[in-house]
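Trainee: I would like to request a close look at one part of this structure, with the cut-offs stated for each term. Please present it as one connected account.

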Amino acid sequence: MLQVVVGGPVVTVCLALAVLAVAAARMRSARHRDVRRHPDLAETLLSAVAALTDDRPPDGADAGWGAATCAELASVTGARERLSFAVGASIALIGASPRRLGPGLVAVLTALSFAASLLAFSRATVGESGVGAVTVLVPPVLLFAIAFTAAWWHRSLRSGLESGVLAGIATWVATAAVLGFEGAHWFQVTHLSVLDGEFLDATSSRAAAFDAVHPVILLVHLLVWLPWPVLGAIVGILARHRRPAPA
């Protein structure tokens, strides 16, 4: 039986990585916009979380609760006090704004969670039947569920498609990275293919890694995956707008 476990700690780590990635991007963007202004860690963290929840800082066009917290942060002095305020406000924004979490964050969480689970499954089954069945069959279920939920929740076919397709692309990239890494590992340990567990006629670990991420293999995954977020979005919007039959 295939077992893919995505635990709470994995999601927490993924969320932290997503926040750090956006924070780094915003710091770089801020340096390009105005070299005279250097936001500290507290401001960068809070602005990143506001962006991830589809809120905006005070100079944005759609100011909201995130804008208010960013403005309030400006009145807080002391590095420790500012960081403490930023952490607390970030937790509040994330906890109170699940409906505004952007498709980009959903894509990052999905990709990193599946990649971590795939890596764990691969290491637990080295030398057995490979992970090809997992990479082909499991993501369509996840992408269907994501697209369905987004379309149903937001009452928008576009929202469902955007969330599902972005999650699919991010997961596809993450899966390719894990397959290449594990392809080399499987070859070193067993000389078997990470995809199907069959003997692999390769000359090196690098060749085994390239075999696992051959363009044809990746294209097949993409073609199998992509219809499912579309179907999920369509079913989600139909389910949302379905009216009960008159008694």
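Mentor: What follows concerns one helix, its surroundings and the nonpolar cores. The model is predicted, so local features need pLDDT of at least 70 and side-chain atom pairs count only at pLDDT 80 or more, whereas totals for chains, interfaces and linings use all residues. Residues are numbered from 1 along each chain as its sequence is written, and side-chain values use heavy atoms, with hydrogens and water left out.

Helix α6 covers residues 132-154; helices here are DSSP runs of H or I with at least four residues, numbered from the N terminus. Its 23 residues reach 34 Å from the first C-alpha to the last, close to the 33 Å expected at 1.5 Å a residue, where the expected span is 1.5 Å times one less than the number of residues. After α6 comes Arg155, with a positive phi near 55 degrees.

The buried residues of α6 include Val134, Leu143, Ile146, Ala147, Ala150 and Ala151; buried means under 20% relative accessible area, exposed over 50% and partly exposed in between, with a 1.4 Å probe and protein chains only. An α-helix has 3.6 residues a turn, so residues three or four places apart point the same way. The buried residues of α6 pack against α5 (103-124), α7, α9 (215-225) and α10 (227-241).

Val134 is also among the members of the largest nonpolar core, which has 15 residues. Such a core is a set of buried Ala, Val, Leu, Ile, Met, Phe, Trp, Tyr and Cys residues joined through side-chain atoms within 4.5 Å. Leu118, Val131, Val134, Leu179 and Val194 touch the most other members. Two or more residues come from each of α5 and α7, and α5 gives the largest share, five residues. Beyond four places in sequence, Val131 is in contact (heavy atoms within 4.5 Å) with Leu118, Phe121, Ser122, Leu179, Val194 and Leu195.

Two residues illustrate the neighbouring helices. In α5, Ser113 is buried because its relative accessible area is 8%; its C-alpha is separated by 9.0 Å from that of Thr171, 58 residues apart along the chain. In α7 (residues 157-190), Trp172 counts as partly exposed because its relative accessibility is 25%. Beyond four places in sequence, Trp172 touches Leu218, His221, Leu222 and Trp225. A polar atom of the Trp172 side chain lies 3.0 Å from the backbone oxygen of Leu218.

Conventions: Polar contact = N/O pair within 3.5 Å; in protein donor to acceptor, adjacent residues only side chain to side chain.
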